[in-house]
Every structure is written in structure tokens, then in C-alpha cells.
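Let us walk through this structure from a buried site outward. Have the coordinates open as you read.

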Amino acid sequence: MAAKKAAGTAAPQLMMPWSIDIDLVDGVMREPDRVLVRRASDMKGYYKDEAALQRLIAQGDPVHYEVFEKHIPEQPGQLPLCISKLYPGRVGEECFMTKGHYHTVSGTAEIYLCIRGQGYMVLKTADSKCVAEPMKRNRMVYVPPHWAHRSVNTGAEPLISFCVYPGDAGHNYGDIATEGFPKRVFIRGGKEVIE
Ligand code: S6P
Ligand code: ZN
């Protein structure tokens, strides 16, 4: 069916259907349109042990995570998707993690299907409720509206998830950069500690 055309205006651009290959064993998206790369030096101010982060930057500034995306317009009705690949590692005793964000349109949810690795999705509300949901292969985390979310890798291999969120959600990093999360994830004496 053709998109309706209002009198005197150009017909709205109709997006064509498309498909891609996503390897759900290895967590690889073939032919992404964009790869967002965040290194240790992009994570200043996020970890508890800032001196340990500085040492890591000086030792080669390793990649913390990569996000593989297709180009999908950030508009209501669209469903942007990505593969998020968070590498294993520690900053001091704290596990590698993503920056974390609220959605700019705070009342929008998100789905994270974990494909590989192990760790947590740490979620918080503006009034500081905080929950750590375990992530492991085939585990799906539902991020409800109004919860900021960050993934944390506690394992020895990349933590890989397939994420889908509403097109108008947007990323609000500013509030999390100011507030932080009430809970952090450490490995101490070989054990996970969330505090
Ligand atoms: C988008 C979704 C993911 C994250 C990605 C990186 O809503 O939650 O694509 O952007 O996992 O995390 P962050 O916190 O640096 O955006
Ligand atoms: Zn999100």
C-alpha cells in the first residue's frame, strides 16, 4: 500500500524492509553501519579508582566496549538495535563497565538479550533504587521506563548483548555522570562483590 500523500506536499519517504546476519553464537553483527568504540580514556570519572584508570590509559588505553549499529532513524515508531560488546578487564578491583545512561525520553524501555559472557546489568532510578540483574548467555534483561542502565563484565570473555529500544529514546549521559550508580561491581579475592 502506498503511503498517503497530503495535497501539495511531497510523499513521505517510505523505508524499505531490510535484513542482516547476526551470529547469535559469537555475537557478531555482519556489516554494521557504525561502530562506536569507547576506550579507557573515554571513561574518566566513571570508576572509583581514578589512579588505576590513569595507569590503564598510560599502558595503552585499551578498548572497553564497542557498539555495532545499523542506521535506523531516531524517530518514534522506529526500533534501533545494536550489538553491545563489553570487553573483560578491571580498573583496580572494579569490573569493566559501560558508562550507563537514562533515556532522554525517560519513559522508554529497552530489551537486552545476552548472547555471550557473564556479568550484570546495574539499573537505578532517579530516587536511587538500584538493582543488579545477572547477565549470561540466553538471559534477557528488561529495562523498564525510567531506569538508568549500565552493563558490567565480571567474566574472562566479552559480555555481548543484542539491544533493542524505541527510536525516540535517546541517550541521557549527563545525569548519570553527575549522580553515578549507588552500586559498583568488584572482584576481590576471586569473588564478585557488589557494593
Ligand atoms: C542504547 C543501549 C546500548 C548502549 C550501549 C553502550 O539505549 O542501551 O546500545 O548505548 O550498550 O552503553 P552506554 O551506556 O555507553 O551508552
Ligand atoms: Zn539504553
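His101 counts as buried at 8% relative accessibility; buried means under 20% relative accessible area, with a 1.4 Å probe and protein chains only. His103 is buried too, with a relative accessible area of 5%.

The model is predicted: local features need pLDDT of at least 70, side-chain atom pairs count only at pLDDT 80 or more, and totals for chains, interfaces and linings use all residues. Residues are numbered from 1 along each chain as its sequence is written, chains are lettered from A and ligands numbered from 1 in the order written, and side-chain values use heavy atoms, without hydrogens and water.

Both histidines serve the zinc ion (ligand 2). Its protein donors are His101 (NE2), His103 (NE2), Glu110 (OE) and His149 (NE2), 2.1 to 2.3 Å away. Donors are N, O and S atoms within 2.8 Å of the metal (3.2 Å for Na, K and Ca). In sequence the donor residues follow H-x1-H-x6-E-x38-H. The 6 donor atoms subtend angles of 69 to 169°, so the arrangement is octahedral (six donors, opposite ones over 155 degrees apart and all others between 65 and 115).

Next, the hydrophobic packing. The largest nonpolar core has 36 residues; such a core joins buried Ala, Val, Leu, Ile, Met, Phe, Trp, Tyr and Cys residues through side-chain atoms within 4.5 Å. Tyr47, Val91, Tyr112, Val122 and Met135 touch the most other members. Val122 touches residues including Cys130, Ala148, the zinc donor His149 and Phe181 (contact means heavy atoms within 4.5 Å). Apart from this core lies another, of 7 residues, among them Phe68, Ile72, Leu81 and Ile160.

Technical notes
Tetrahedral: all angles 85-135°; square planar, octahedral: opposite > 155°, others 65-115°. Buried < 20%, exposed > 50% of the residue type's maximum accessible area, 1.4 Å probe, protein only. Lists of a residue's contacts leave out its neighbours within four places in sequence.
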